[in-house]
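Please examine the sequence and the model shown here before reading the report.

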Amino acid sequence: MQADVFTKRRKSALLLFGLLAALTLGSAVLTRYDVARGLTSFFRAFIWGVTSFYPDGKSMRRLPEILTKLWDTMLISVASTMVAAILSLFLALAGSRTTRVHAFFTVLARGIGSFFRNMPLVAWAMVLMLAFSQSSLTGFLALFFGSLGFLTRAFMETFDEVGEEVVDALKATGAARPHITSQAVLPSSMPQMVSWLLFMIETNIRDATLVGLLTGTGIGFLFDVYYKSFNYHAASLVVIVTVIAVIAMEGISNSVRRVIL
Amino acid sequence: MALLELKNVTKCYNGATRALTDVSFAVDEGEFVSIIGSSGSGKTTLLRCINRMIEPTEGEISFAGLSVSRLSKRELRRLRTKIGMIFQQHNLVERLSVIENVLHGRLGYKSTISGMLGHYTHEEKQRAFEIIGILGLDEQVYKRCDQLSGGQKQRVGIARALVQNPRMILCDEPIASLDPGTAKIIMDYLSDICREWGITLVISLHQVDVALRYSHRVIGFQRGSILYNGSPSGLTHERIAEIYGSESVEPAARQAG
């Protein structure tokens with residue numbers, strides 16, 4: 001009897017593996033992807049990167065320009081995240097099971113959250129470009145919409161996790177809903193919310209590079225300009241500086257997290 | 001006149017499952033009443049119907065002359081300030097300090113704005129510190145609640161109920177997750193509160209011996225109905241067996257009924 005359970009489990013594992021293999025092979029055939037060539041060109045790309053994609057002495061003179069653009073990009077990321085956070089706080093309060101006033105708002109808030117979250121960032125950038133052309137505002141708004149969707153969802157789940165117990169206890173003392181939200185739900189969720197906020201800022205600095213490339217702003221635009229003018233040394237410097245900035249940001253937010261949790 | 005009176009209270013979940021059937025009893029001011037019964041017998045539902053955390057399906061509940069089921073939202077909030085509640089899982093905001101959790105008991109008296117901002121008067125804070133002192137939590141006042149032991153957390157729960165200045169406290173299995181020694185401390189505090197402060201206590205318990213030792217009156221519950229309602233001394237072994245040990249005869253009884 002017990003052996004049967006194991007045989008069954010092995011069979012289903014085998015089936016799953018078979019399905020995944022078939023899916024991989026199928027999509028490779030359909031897209032005419034040559035595995036061998038893919039691997040060798042990866043190797044060649046690596047060689048090219050080492051031989052020509054590195055910063056040299058001349059590109060170092062561009063460092064001040066790169067750093068100012070990087071600073072701009074970081075500020076835009078932080079600003080868009082914070083503005084999005086304020087709005088998504090209200091959306092999440094309306095949408096969470098623990099704090100909601102009426103089921104209608106829950107559906108509405110979850111709908112807004114889903115829409116903004118599932119629309120790709122690149123699509124936002126393209127659409128907004130038509131309206132605002134190449135400006136910092138376009139980049140800001142693209143990041144703002146993406147963050148709004150993500151943070152609404154993240155905050156909502158954080159509030160859901162607070163649970164009915166504390167809410168029940170305060171309701172039993174005669175406290176009204178706004179009291180319970182501000183005195184129990186928000187204090188309980190604060191560390192988790194700050195954590196999500198820091199994560200969002202990190203992600204946005206990374207994404208700002210891509211958005212900037214499309215909307216012609218910030219560090220992404222600079223990369224685009226250098227790359228298209230075959231100035232690979234300067235372009236590589238942009239990449240390195242961005243990576244350092246993101247890692248530094250991650251380090252800062254990790255230490256902040258340790259303090260507040 | 002009785003402080004709390006229940007008349008023919010019935011609660012059905014989803015229109016089908018009966019949690020309470022035709023429950024009637026009265027509690028006088030200053031009484032210590034225990035409700036005993038096996039898990040799922042409807043003790044929690046009963047307590048939660050009293051302050052309308054759960055809406056009873058049928059029946060009349062009156063507290064201090066007020067008909068509980070007819071109250072508007074605002075009146076219900078005012079009623080709840082007069083009825084404290086203590087939970088098995090303490091239900092504290094773990095990240096906040098003891099004093100902050102205790103002051104939550106005053107939120108029912110607050111306007112929307114001052115409650116949201118957490119503005120408490122000097123008298124309220126002084127009273128909170130006093131009560132924390134009485135419950136022996138002086139050294140823990142500024143500690144976060146997630147650093148406290150189970151017994152200490154439950155004392156914070158009691159302090160939160162007391163700071164409400166209630167006439168009655170409902171306790172939903174307050175000692176079910178505590179060890180015997182800590183449970184005794186908690187029960188002694190509750191007993192003192194009842195005797196010295198004149199606060200009425202309605203408490204659901206698992207431990208029959210504890211119920212017998214502390215209560216003025218015991219109500220035995222089985223499958224949502226009252227089987228026994230009287231003094232602890234009148235609760236014989238046969239009665240207790242009837243309240244708790246009738247699971248084995250249940251199928252037969254169901255067939256007969």
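The report below treats confidence, the contact between the chains, a helix pair, a sheet and one residue.

This is a predicted model, in which local features need pLDDT of at least 70 and side-chain atom pairs count only at pLDDT 80 or more, while totals for chains, interfaces and linings use all residues. Residues are numbered from 1 along each chain as its sequence is written, and chains are lettered from A and ligands numbered from 1 in the order in which they are written.

**Confidence**

The model has an ipTM of 0.86 and a pTM of 0.80. The pLDDT is the predictor's confidence in each residue, from 0 to 100. Its average over chain B is 89, and 95% of the residues reach at least 70. Helices and strands are DSSP runs (H or I, at least four residues, for helices; E, at least two, for strands), numbered from the N terminus. The table gives the two extremes of confidence in chain B.

| Helix of chain B | Residues | Mean pLDDT |
|---|---|---|
| α10, lowest | 250–256 | 40 |
| α3, highest | 98–103 | 96 |

Residues 247–257 of chain B have a pLDDT below 50, and this stretch makes zero contacts beyond near neighbours in sequence. Two residues are in contact if their C-beta atoms, placed from the backbone, lie within 7 Å. Where pLDDT is low, the predicted coordinates should not be read in detail.

**Contact between the chains**

Chain A contributes 18 residues to the contact and chain B contributes 23 residues. On the side of chain A that touches chain B, α8 (164–172) and α9 (177–215) each supply at least two residues.

**A helix pair in chain A**

Helix α4 (residues 63–95) and helix α7 (residues 136–162) of chain A have axes that come within 7 Å and cross at roughly 40 degrees. Axes are lines fitted to C-alpha atoms, for helices over the stretch in contact, and angles run from 0 to 180 degrees between N-to-C directions.

**The sheet in chain B**

In chain B, four strands form an open sheet in the order β2-β1-β4-β5, with antiparallel pairing; strands pair if DSSP finds at least two bridges between them. Because β2 (17–27) and β5 (66–67) of chain B stand at the edges with a single partner strand each, one side of each is left without a neighbour in the sheet. Strand β4 (residues 58–63) of chain B joins β5(B) over two bridges, and F63(B) stands opposite L66(B).

**One residue in chain B**

Is I131(B), in helix α5 (residues 122–134) of chain B, buried or exposed? I131(B) is buried, because 20 other C-beta atoms lie within 10 Å; the cut-offs are 20 or more for buried and 12 or fewer for exposed. Leaving aside residues up to four places away in sequence, I131(B) touches V102(B), A159(B), L162(B) and V163(B).
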